[in-house]
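Work through the exercises below with the structure in view. Try each task before reading its solution.

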Amino acid sequence: MDIKNLKYQISTECDRGLCRRGVGRQDKQLNTYDWLADVPGNAESTDLVEVQFKNTRKGYYHNVNNLELQKGDIVAVEANPGHDIGVVTLTGELVKLQLKKANLKSADDIRRVYRHAKPVDIEKYEEAKSREHATMIQSRQIAKDLGLDMKIGDVEYQGDGNKAIFYYIADERVDFRQLIKVLADAFHVRIEMKQIGARQEAGRIGGTGPCGRELCCATWMKNFVSVSTNAARFQDISLNPQKLAGMCAKLKCCLNYEVDDYMEANKKLPSRDIVLQTQDADYYFFKADILAGLVTYSTDKRMAANLETITAARAKEIIELNKEGEKPLSLLEDGQVKVDGAPKDLLEDDITRFDKSKKKKKKRKPRPEKVDNLNGSDKQEKTDKPEKSDKLEKSEKAEKSDKPEKSDRPRRPQRKNKMPKDQKGAPEGKGQ
């Protein structure tokens with residue numbers, strides 16, 4: 001296998017401040033855009049590089065051999081034991097910032113980059129990768145036979161094929177010492193078990209969310225923050241578990257994206273327990289459009305009746321008037337026209353309004369000749385047709401042929417097999 005076909009060719013052209021070298025491979029998850037890629041000397045500022053392996057697993061390594069590494073290069077890195085094969089996803093100054101997010105406990109976790117991957121390394125890696133799915137199915141059956149309450153979600157072989165990492169999910173503590181012995185005898189590799197959560201499993205497997213885009217945990221999210229139902233309450237979202245749960249069966253991470261904006265906007269709204277008093281009636285809180293700053297009040301505390309929508313500033317103004325013992329005429333400001341915001345039922349309109357209108361055919365008036373025939377009159381009314389020429393009149397008067405006059409009755413169709421005149425007899429069914 002030619003290694004040149006596996007390497008990603010990166011263009012150094014830049015346009016409108018965006019450098020293509022900074023984008024790198026787009027088929028890798030958790031890809032980071034390198035804004036400093038086109039800065040001279042950025043790659044030489046540090047020997048640290050970021051290497052990504054299967055799915056979302058990343059590692060940070062020292063380029064001790066001063067190799068010319070760019071995004072997309074396939075390299076062989078140090079592993080325990082042997083070596084592993086990965087793809088360079090980031091170089092330069094931004095790797096230091098990524099190290100802070102990774103929360104590496106010691107410098108011993110940062111190993112070395114050996115070399116650019118050779119064709120022999122690529123062949124071993126492809127061979128080991130082809131065994132991952134079959135190993136996962138077999139290991140699930142082994143864990144089931146041992147009666148372990150765990151789910152093996154993914155298996156990843158090391159680049160040299162000497163080690164396999166088994167990712168599993170379990171609600172409680174699992175004693176898998178016997179499982180490791182059975183797996184080592186079955187696959188003849190070194191076994192490493194890693195417990196992951198439901199969110200991490202969704203990020204490793206990937207998928208498409210209900211929004212139609214790829215999962216955030218599989219594209220750019222590196223740290224998972226706890227999500228509670230309070231985030232849905234602050235945004236006035238219905239607490240429906242089927243709609244709030246994501247692909248991992250946990251609350252969606254995107255519930256935290258806009259909750260801060262909703263909390264800031266909610267501070268500008270009046271309290272929901274306050275009753276607005278007017279000369280017409282007392283109004284109770286019904287609903288609120290938090291981002292738009294609009295509040296809807298109802299005259300009934302338990303149902304929607306005589307709904308009035310006003311701004312938050314107008315509601316606070318009425319609250320201050322009520323504290324002073326004054327009651328305005330209505331919730332609306334002076335000169336403000338009430339806008340009917342009730343939803344309109346589309347079925348109320350005529351559903352045939354989009355159909356093409358069929359033109360009614362006008363009834364033709366009967367000709368004067370037909371009218372006279374119906375009345376039995378022999379007179380002919382004058383028409384606007386031009387009079388016949390003399391030649392036509394003469395031809396009509398002349399009777400040159402001895403043929404009988406043609407009747408107005410339609411002629412009967414002639415039979416194909418005609419009989420001779422001598423053999424013709426009387427028609428059947430008729431007397432002579």
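**Exercise 1. Decide whether Phe 53 is buried or exposed.**

Solution. Start with the cut-offs: buried means under 20% relative accessible area, exposed over 50%, and partly exposed in between, with a 1.4 Å probe and protein chains only. Phe 53 has 5% relative accessibility, so Phe 53 counts as buried. Apply the test to Tyr 61: at 7% relative accessibility, Tyr 61 counts as buried.

Before going on, note the ground rules. This is a predicted model, where local features need pLDDT of at least 70, side-chain atom pairs count only at pLDDT 80 or more, and totals for chains, interfaces and linings use all residues. Residues are numbered from 1 along each chain as its sequence is written, and side-chain values use heavy atoms, with hydrogens and water left out.

**Exercise 2. Classify the ring pair of Phe 53 and Tyr 61.**

Solution. Rings of Phe, Tyr and Trp (its six-membered ring) pair if their centres lie within 6.5 Å; planes under 30 degrees apart count as stacked, over 60 as edge-to-face and the rest as tilted. Step one: the centres of Phe 53 and Tyr 61 are 6.3 Å apart. Step two: their planes stand at 75°, so the pair is edge-to-face. Now take Phe 166 and Phe 187: their centres are 6.4 Å apart, the planes make 35°, and the pair is tilted. Phe 166 sits in strand β9 and Phe 187 in helix α5, 21 residues apart, and the pair links distant parts of the chain. Both Phe 166 and Phe 187 are buried. A search of the whole structure gives 5 aromatic pairs.

**Exercise 3. Find the strands that close into a barrel, and their order.**

Solution. Helices (H or I, at least four residues) and strands (E, at least two) are DSSP runs, numbered from the N terminus. Two strands pair if DSSP finds at least two bridges between them. Trace the ring: 5 strands close in the order β3-β4-β7-β5-β6, with mixed pairing. From one strand to the next, the twist averages 55°. Zoom in on one pairing: β4 (residues 58-62) and β7 (residues 111-116) run parallel over 2 bridges. His 62 has Arg 112 in β7 as its bridge partner.

Next, add a helix. Contact means heavy atoms within 4.5 Å. Helix α3 (residues 119-129) packs on the sheet and touches β5 (74-78), β6 and β7. The direction of α3 makes about 105° with that of β6; axes are lines fitted to C-alpha atoms, for helices over the stretch in contact, and angles run from 0 to 180 degrees between N-to-C directions.

**Exercise 4. Check whether Thr 91 is buried or exposed, and list what Thr 91 touches.**

Solution. Thr 91 belongs to strand β6. Its relative accessibility is 12%, so Thr 91 counts as buried. Leaving out residues up to four places away in sequence, Thr 91 touches Asp 34, Asn 42, Leu 48, Val 49 and Leu 69.

**Exercise 5. Locate the largest nonpolar core.**

Solution. A nonpolar core is a set of buried Ala, Val, Leu, Ile, Met, Phe, Trp, Tyr and Cys residues joined through side-chain atoms within 4.5 Å. The largest has 19 residues; those with the most contacts inside it include Met 150, Phe 166 and Leu 179. Elements giving two or more residues to this core are α4 (132-145), β8 (151-157), β9 (163-169), α5 (177-187) and β10 (190-195). A second, separate core of 17 residues includes Ala 265, Tyr 283, Ile 318 and Ile 319.
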